[in-house]
Amino acid sequence: EPQAEVLHWWTSGGEAKAVGVLQEEFASNGGTWTDMPVAGGGGDAAMTALRARVLSGNAPTAVQLKGPAIQEWYEEGVLADISDVAEAEGWADVLPEAIANHMKCEGSWCAAPVNVHRVDWIWANAEVLEANDIEMPTTWDEFNAAADKLQEAGVIPLAHGGQSWQDATVFETVVLGLGGPEFYEDALIDLNPEALTSDTMVQVFDQMRTMRGYVDDNFSGRDWNLATAMVMNGEAAFQIMGDWAKGEFLAAGKEPGTDFLCASTPGDGFLYNVDSFAMFEVEGEDKQAGQDLLAKLITGPSFQEVFNLNKGSIPARTDVSLDAFDDCAKLSSEDMTASAEAGSLLPSYAHGMALRGAQAGAITDVVTAHFNSDMSSEDAVQQLADAVANSM
Amino acid sequence: MAPILDISKLQKSYGATHVLKDINVQIDEGDFLVLVGPSGCGKSTLLNCIAGLEPITGGSIHIGGRDMTHVSPKDRDIAMVFQSYALYPTMSVAKNITFGMKVRGVDQATQEAKLADVARQLQIEKLLNRRPGQLSGGQRQRVAMGRALVRDPKLFLFDEPLSNLDAKLRVEMRSEIKKLHHSMNASIVYVTHDQIEAMTLATKIVVLKDGVVQQIGSPSEIYNKPANLFVADFMGSPAMNLIPARAEPEGGATRIEIDREGAAPIILHDPHASGLPRDIILGLRPEDIAEAGFRAGEDVQEAQCLVDMVEPAGADTYVMSRLGGTGVTARLHAETIARPGEQMTLAFDLGKVSYFEPGTGTRLN
Amino acid sequence: MAPILDISKLQKSYGATHVLKDINVQIDEGDFLVLVGPSGCGKSTLLNCIAGLEPITGGSIHIGGRDMTHVSPKDRDIAMVFQSYALYPTMSVAKNITFGMKVRGVDQATQEAKLADVARQLQIEKLLNRRPGQLSGGQRQRVAMGRALVRDPKLFLFDEPLSNLDAKLRVEMRSEIKKLHHSMNASIVYVTHDQIEAMTLATKIVVLKDGVVQQIGSPSEIYNKPANLFVADFMGSPAMNLIPARAEPEGGATRIEIDREGAAPIILHDPHASGLPRDIILGLRPEDIAEAGFRAGEDVQEAQCLVDMVEPAGADTYVMSRLGGTGVTARLHAETIARPGEQMTLAFDLGKVSYFEPGTGTRLN
Amino acid sequence: MTKWLENHLPKMVLAPSFIAVLIFVYGFIAWTAWVSLTRSKLLPRYEIDGFIQYDRLFDSPRWDTAFGNLFIFGGLFIGICMVLGLALAILLDQHIRVEGAIRTIYLYPMALSMIVTGTAWKWILNPGLGLEAMVQGWGYPNFSFDWLVDPDMAIYTVVLAGVWQSSGFVMALFLAGLRSVDGEIIKAAQVDGIPTWRIYSAIIIPSMAPIFLSAFIVLAHLAIKAFDLVIALTGGGPGYATDLPATYMYAMAFSRGDIGQAASSAMVMMAVVFAIVVPYLYSELRVRND
Amino acid sequence: MTDVTATHAPAQAVRPARSWGKTALRWILYIVLGLFALWYLMPLFVMLTTSIKTLEEIRTGSLIALPRDATLEPWAKAWSGACTGIQCEGLRPFFWNSVILAVPSVLISTVIGALNGYVIAQWRFKGANIIFALMLFGCFIPFQVVLLPMARMLGLMGIAGTIPGLMFVHIIYGLGFTTLFFRNYYVTIPSELVKAAKVDGAGFLRIFVSIFLPLSLPIVVVSVIWQFTQIWNDFLFGVSFSSAGTQPVTVALNNIVNSTTGVKEYNVDMAAAIIAALPTLLVYVVAGKYFIRGLTAGSVKG
Ligand SMILES: Nc1ncnc2c1ncn2[C@@H]1O[C@H](COP(=O)(O)OP(=O)(O)OP(=O)(O)O)[C@@H](O)[C@H]1O
Ligand SMILES: Nc1ncnc2c1ncn2[C@@H]1O[C@H](COP(=O)(O)OP(=O)(O)OP(=O)(O)O)[C@@H](O)[C@H]1O
Ligand SMILES: [Mg+2]
Ligand SMILES: [Mg+2]
């Protein structure tokens, strides 16, 4: 009988329901699911627990892991190989290559993807835009012009929460928007020192400084959903946030397109944040069977559809029908396909998809320090390069 | 002049325990009031009430003419030595003594002078840097004394301040206190269970029993004219002999008959007494019963008694005999030769006798 | 038979304070040893060492023939009354008393019987349910006594157990302790500063000063033949008169000359003394100086003295006079008529005299 | 045999704790020291690689901020909690009618997990939502209380919330101490004419020196380990202005998979503790010994 | 009037006719205490009001205003409906885990701490103070540091992921504090009491149980409050050393509150936080009774 103890940090509301779907499927396939949810800090707490469990020789069967962390754990030699399932199920054919690469460790499959969150969204209050006669911006200059106008009209242009991951989220969309996909890759994936100290990066920080002016004074420490509420209430016009923000709008009974608008942030490209499950080396056939079953179910089309409907993201598989999804999701999916082809489907650094923890953290430290002080862009660029070097 | 301390109708209970019952005491400036009474009769409680350390249940306390019933201890201007010492554990001996002065802003030089002075009086010069925990019982008690002596209050309260001192030191301390009393004209309330202390120090003695005042008077009144059987029995060591007897008028005088074991009753004649009931209790102190021939005077009358027990005690020898159904003690010279079981002629000094009613215990003469 | 308690070469220091110096004491079963000495001389410390409550710095302690130097207190089979009571604050009086028995597994019935017995003896029946905080000083002390009395140990240690009791109760308690001593043939070490307690209870007295043993002996030895000036001065109240004098051989006897103020020296003749140095100190107790005519005997010699001060004290009157440059106290009858400034003939009992060397203070006769 | 047991019972009682402390504290400190010399990432590794982690640590501006904050936060937090706790304990000691209720009110913040209370504080301190807005709403438009969003002042809001949470416990600790002081001694002082505040300052408080040690250790521990507080209230922000070594260490060890770095920061932290606590301990335990 | 009361009802205390200044002082005292109470209550007020608001109101209204129309639904949800993972049974199922974890850990660490404190304070032997200092210093080891080696140790001991394992961790790291509390309380108790009990024949444990424990109520309260709060509210150890099924209530609370990408329900969060704190509050109220005044008075002369 397949067994699975699953460590994850999807704990509330829609998230929990989404995982519940998986558990039900698992059970109906004869498996026993033991739930081990640990929320907090975007998975930090779960990672803490994971480490303790691994060290005590009691690793969970499956763990919600993402991005380079998967490879890092693999290097510690504690992940199991699920290539059998992956090949049998033909994952390589249905997953965008960029995403599939995240699931592989030295060529073999070691994780199964669940969903794709798009990070580079900009959300807006439809009424406010209309009242001020503003279109969704497609370049950062447009954004700045619109923001100035809004500010004059007494509306807070940008709803933002001053938590470092939110700062980082805005930062990476600006990098992508101002520098383009290649620059993004150069700077935030390859950590090329030249890119990090380039003029473009200076412009990025200038834009960050400008945007700091569009944020109200009391943003510090604000939760992202309170920022979302500001947009909903018409207190603020825009918010830059991943597609989980949509959940807040929907929960408040707002309609996409009429009450609120969604668009990609200015510029090309698509920043993704893919949730996935990695399988840990465990003993016992029932547990290994559980891992295989889990991997199969996670990537199965039916689960991908139901799960993402609940979660607000889009399926990782490209062959799932999107009929039941809302317009924002559909837009997201189209962009993903397009970007995949154009080579601009990029991992989000702010959400731990692009870099290992130490480097991502080092960058965030600089970004948030800059955003919350009057540091000059040149200094910021220099610090950025130093911090990245120091974190290696 | 108003009395320095005026306690009127004082009542004090601890929950259901009624400790002090309707106490009325006045003392004038310069009085030395000694409180005596059996253990647990309420002496410490009374001091605590005077000091304001225990809320009282009824009555009032005036100090120096002011109503102090509800005034806090620190404003009553008193100094007190506690039976349990109550030294400040974290302070050195010197600081224990000077702390009160320091708080009052007495200047450094005066503090030191007073400290030196008191330390000399109390013979604790060498201990000034110790903590209370490093002192012997008697040393602690002396420090507690010192704390009071450096003060110059309206009223001193001493609760058995010398109980842990050896005889010699005690005599010295006693005279220090006496000096203090004279030189400062201090008003003092003093609790002691040492009779000599009570007799030599007091200008006024209050005898308490179960929270009720039994007698207030000068030492010699208390000693020589106890108001009732309790006081008679309590004051003096060994205690007054209280001998059941029969009285019969005999002209203007009284004939007194005391039963004696194995012989006819002793008959004594008291020319001064009259109007006594038939059954009385006759009180006579041990020192008023002497060896025949050793005591002269018109009221001395002799009688043969059977010696029960002999107890030599250094300076004196005590001889016990059974009279009137109780043991009677006579204090005789140390070199008295007496043997249990033998007859001995004793001289009773009827000039010193007290008569009590057996039922109520009140004094009759 | 080995002594029940054998202390040999005991040394005890607290840090730099050398408290007990080379103590050697033995007591046999049934002995009643009383420790006396000035406050702070080390009495409590010695008891603590015997009980094993303070580690000793040198020497050894044997109890009942066994070396107990390093044995823990609870295995020494002793009972102790602390000067500071040390009652268990959270336990009722009854539990304070029975705790030791309970610990030792005495059965309930015996516990209750003993408790009732002791409570009666100590007159604390009514207090059994109180906490120590609700007791008077004397009551606490009695509870502390009770805790020891219910036990049946090899050795009792009492540290000033009666110091807070009134005279009457004290006499009663004294006789209870005496009874206990006789009936149980208990061995007891007892600290007191009450001379009468020491004299009446002890079979053996140890006089300590500054941690050094001054004299060990029976009460009458200590009282009548003090080994040195310190003991002479310390024991007895009022203290022995220590009068500087000159001695001159006079055949087999000695002629003694004492200076007197404003008159020729007093000349006394001691037929028993011989071989004295020229300068001596003559010791005579107040009770051995009597009013002329009140003391008879071959060694009684009279002399005129100038009365300095008269102090009546109930049973006695003390008369002070200056002789040999110091104040000399005579204990006279209460009814003595003496007035300061007048001359008075006093009788000195030379049969009781002690002679000391002025320098070392040791006894000469 | 039983005698031996008896004589050694006190030591034997202490022994298990002692051994546990040796292993689970000092063993682990040694382990940390070792790891701080390695390049451990996600999981500990044991190849020694010199002092590189310390170099990295001292190069990091974020660590500088965190380390500096430790002193600001620690000093203020410990100081204010002590003073406030003691003051409240003394006030509560004045035979207050509703003592039980007030004590519980002062103590309850300890009961609430900072995970959520932090949110409440965040709202209260947020200029746009909380106190500032409220007071301005009452008609004092110039009232300003925006420490939370001011990088220079934000650390003081952490102090504020920390004091709010812990001062009640310190109060309880002191109250227990106050109540163990012998009443007779206080009486003696009253008669001596000592004003109440002097009785507290000169007699009662000195005799509570050991309780102060307890309070100090508890508070120092809380200050050094302050983690929830910061995470919930400011998340270390604005920027990393309110970072503390504990949050730094946690971030390194668990968010960033940089265990070697975390270990080196832990070692520096413990060195600081050592430098502060050991002299205090030394003086405190020595005084008690004589 | 006073006199009449006094003579007719002597058992009743005379109502002290306090002076003006004293009454005023008393008022000031109560006002100060009251103001502090307000300060302490402020966040609770915010939490309570939020917990009975609707989400709608939280989104639109002022966060620290009184609720317009109160609802108890968030409380019900927090207790038995909120999702803490795939289970949506609220906090209820986790309570028991915490109770069976906290109660024994608190008791054991308090008892051991009391014994340790008693040994160090009253049975001083050579080196006791050094051991004490070592234990104290142990209070400062950051828990983040011990997490990993401890996990390994628990694995080796075979109690990883179990409640006894978690208890073990809490006891070990609670010992320093409980020992500290008790030692520092016991050094203020006169050593004569131990002496008297020794002479009475009581041994080490007997003296502890019969003499010291009854004297220690206030500090037991302090120790229990501390340990219970620490253990009940602990998240780091709870999350690291538990496995599915043994998770304490804080992990559940954290799971309810800390959704990363889901909808945030502040009202439920607040209700859950208050519910999770109820046992601790209960302990404070119950234990608080044992703060009794002046226990040692009258035992020993100072
Ligand atoms: N812990 C200590 N540290 C230093 N000195 C001490 C300590 N305890 C007692 N002493 C000193 O040792 C000496 C002897 O003390 P001890 O208590 O034995 O006296 P004592 O003879 O019982 O006196 P008392 O009759 O006053 O009770 C005293 O001078 C005292 O000051
Ligand atoms: N807190 C209390 N609660 C109940 N009863 C008490 C309390 N304090 C004292 N008592 C009782 O009150 C009575 C008087 O006590 P107090 O201390 O005044 O006696 P005392 O005359 O000083 O005796 P001693 O000479 O023994 O010191 C005693 O019987 C005592 O037991
Ligand atoms: Mg008394
Ligand atoms: Mg003594």
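**Exercise 1. How do the residues of the shell around ligand 1 divide into nonpolar, polar and charged?**

Some ground rules come before the solution. This is a predicted model, where local features need pLDDT of at least 70, side-chain atom pairs count only at pLDDT 80 or more, and totals for chains, interfaces and linings use all residues. Residues are numbered from 1 along each chain as its sequence is written, chains are lettered from A and ligands numbered from 1 in the order in which they are written, and side-chain values use heavy atoms, with hydrogens and water left out.

Solution.
- Step 1. Set the classes: Ala, Val, Leu, Ile, Met, Phe, Trp, Tyr, Cys and Pro are nonpolar, Asp, Glu, Lys and Arg are charged, and the others, Gly among them, are polar.
- Step 2. Sort the shell: four residues are nonpolar, 12 polar and three charged.

**Exercise 2. Find which chains surround ligand 1, and trace its polar contacts.**

Solution.
- Step 1. List the neighbours (a heavy atom within 4 Å). Of 19 residues, B:Arg130, B:Ser136, B:Gly138, C:Ser44 and C:Thr45 come nearest.
- Step 2. Read the chains. Residues from B and C surround ligand 1, so the site is shared between chains.
- Step 3. Look for polar contacts (N or O atom pairs within 3.5 Å). A polar side-chain atom of C:Ser44 lies 2.5 Å from an oxygen atom of ligand 1. For a polar side-chain atom of B:Gln139, the distance to a ligand 1 oxygen is 2.7 Å.
- Step 4. Check the cover. On its own, ligand 1 has 650 Å² of accessible area (Shrake-Rupley, 1.4 Å probe), and the protein covers 89% of that 650 Å².

**Exercise 3. Name the helices that each supply at least two residues of the shell around ligand 2.**

Solution.
- Step 1. Take helices as DSSP runs (H or I, at least four residues; strands are E, at least two), numbered from the N terminus.
- Step 2. Pick them out: H1 (43-51) of chain B and H4 (137-149) of chain C.
- Step 3. Add contacts. A polar side-chain atom of B:Thr45 lies 2.4 Å from an oxygen atom of ligand 2. A polar side-chain atom of C:Ser136 lies 2.6 Å from one.

**Exercise 4. Follow strand E12 (253-260) of chain B to its partners.**

Solution.
- Step 1. Pairing takes at least two DSSP bridges. E11 (241-250) of chain B pairs antiparallel with E12(B) over five bridges.
- Step 2. Place a pair: B:Glu248 stands opposite B:Arg255.
- Step 3. Go on to E13 (263-270) of chain B: six bridges join E12(B) to E13(B), again antiparallel. B:Ile258 has B:Ile266 as its bridge partner.
- Step 4. Inspect the turn. Two residues separate E12(B) and E13(B), and B:Gly262 there has a positive phi of about 65 degrees.

How values were computed. Polar contact = N/O pair within 3.5 Å; in protein donor to acceptor, adjacent residues only side chain to side chain.
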